[in-house]
Amino acid sequence: MRKPNLPMEGGCRCDRLRFKVTSAPLITMACHCIGCQKMTASAYSLSALVPESAFEVTKGKPVIGGLHGDLKHYFCGYCMSWVFTRAPAIEGFINFRATMLDDTSWYVPFIETCVSEKLPWASTPAVHSFEQFPDMEGFPKLIEAYLKRTDQSP
Ligand SMILES: [Zn+2]
Ligand SMILES: [Zn+2]
């Protein structure tokens, strides 16, 4: 797996909301949950996890969307693209939508979650599959495995 060139930049469908990421992801994920299916209007969502300190909105003002609950899903207020998420379970981190990046050529999901809810034909190249969301206690090991994998690539 390749590492992205830094900084990474991305934007929503209309480009009114732009962001910059200054560190390589800790892990990349595909989520097959029904919520992600609905919010992406597709089979699964694709995201990358980075420390909050490495993520900056550089243009526009994100608005809250989705269920407006504990999970804070941030959207462009004009084109309504889902751009990034903050969650209590991952405090201090941002899970941004990988498909918003200007350059997605390096991106491959390392884990996939909620495969119990996936569309029967949907598949990803993820190395680790989880029926639900993996326990938070399991994440340090997964992050370590992902970083090792990206380090080894040419
Ligand atoms: Zn937009
Ligand atoms: Zn999901």
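## Strand pairing and the nonpolar core

Strand β3 and strand β10, the latter made of residues 111–113, pair in the parallel sense over three bridges. The model described here is predicted, and every value below is computed from it. Within the parallel pair, Met29 stands opposite Ile111 in β10. On β4, by contrast, β3 has an antiparallel partner, joined to it over five bridges, and the residue of β4 that serves as the bridge partner of Cys31 is Ser45.

How many of the five residues of β3 are buried? Five of the five are, and the strand is accordingly described as mostly covered. Ile27, Met29 and Cys31 point one way from β3, whereas Thr28 and Ala30 point the other way, and buried residues are found in both groups.

The largest nonpolar core of the model has 30 residues, and those touching the most other members are Ile27, Cys31, Val50, Val83 and Phe96. At least two residues of this core come from each of β2, β3 (27–31), β4 (45–51), β8 and β9 (93–97). Which strand supplies the largest share of this core? That share, four residues, comes from β3. In soluble globular proteins, nonpolar side chains tend to be buried together. Once residues up to four places away in sequence are set aside, Ile27 touches Leu49, Phe110, Ile111, Leu142, Ile143 and Tyr146.

Ile27 can also be placed relative to Thr150, a residue of helix α2, which covers residues 139–152. The two are 123 residues apart in sequence, while their C-alpha atoms are 9.8 Å apart in space. Why is Thr150 classed as partly exposed? Thr150 has 19 other C-beta atoms within 10 Å, and because a residue counts as buried at 20 or more such atoms and as exposed at 12 or fewer, this count falls in between. Apart from its neighbours within four places in sequence, Thr150 is in contact with Met1, Lys3 and Ala24.

An open sheet is formed by three strands in the order β1-β2-β5, with antiparallel pairing. β1 (8–11) and β5 (55–59) stand at its edges, and because each has a single partner strand, one side of each is left without a neighbour in the sheet. Neighbouring strands of this sheet are turned by 25° against each other on average, with direction ignored. β1 runs antiparallel to β2 (residues 18–21), to which four bridges join it, and Glu9 stands opposite Lys20 in β2.

Further pairings link β6, β7 and β8. β6 (residues 63–65) and β7 (residues 72–75) are antiparallel over three bridges, and β7 is in turn joined by four bridges to β8 (residues 82–86), again in the antiparallel sense. The table sets out the two hairpins, each with a residue of positive phi between or beside its strands' pairing positions as listed.

| Hairpin | Residues between the strands | Residue with positive phi | Phi |
|---|---|---|---|
| β6 and β7 | six residues | Gly66 | near 65° |
| β7 and β8 | six residues | Met80 | near 65° |

Opposite residues can be named for both pairs: Val63 stands opposite Phe75 in β7, and His73 stands opposite Thr85 in β8.

Definitions and conventions
Residues numbered from 1 in each chain as written. Chains lettered and ligands numbered in written order. Predicted model: local features only at pLDDT ≥ 70, side-chain atom pairs only at ≥ 80, totals over all residues. Pairing = 2+ DSSP bridges. Axes fitted to C-alpha atoms, helices over the stretch in contact; angles between N-to-C directions. Core = buried A, V, L, I, M, F, W, Y, C linked by C-beta atoms within 7 Å. Contact = placed C-beta atoms within 7 Å.
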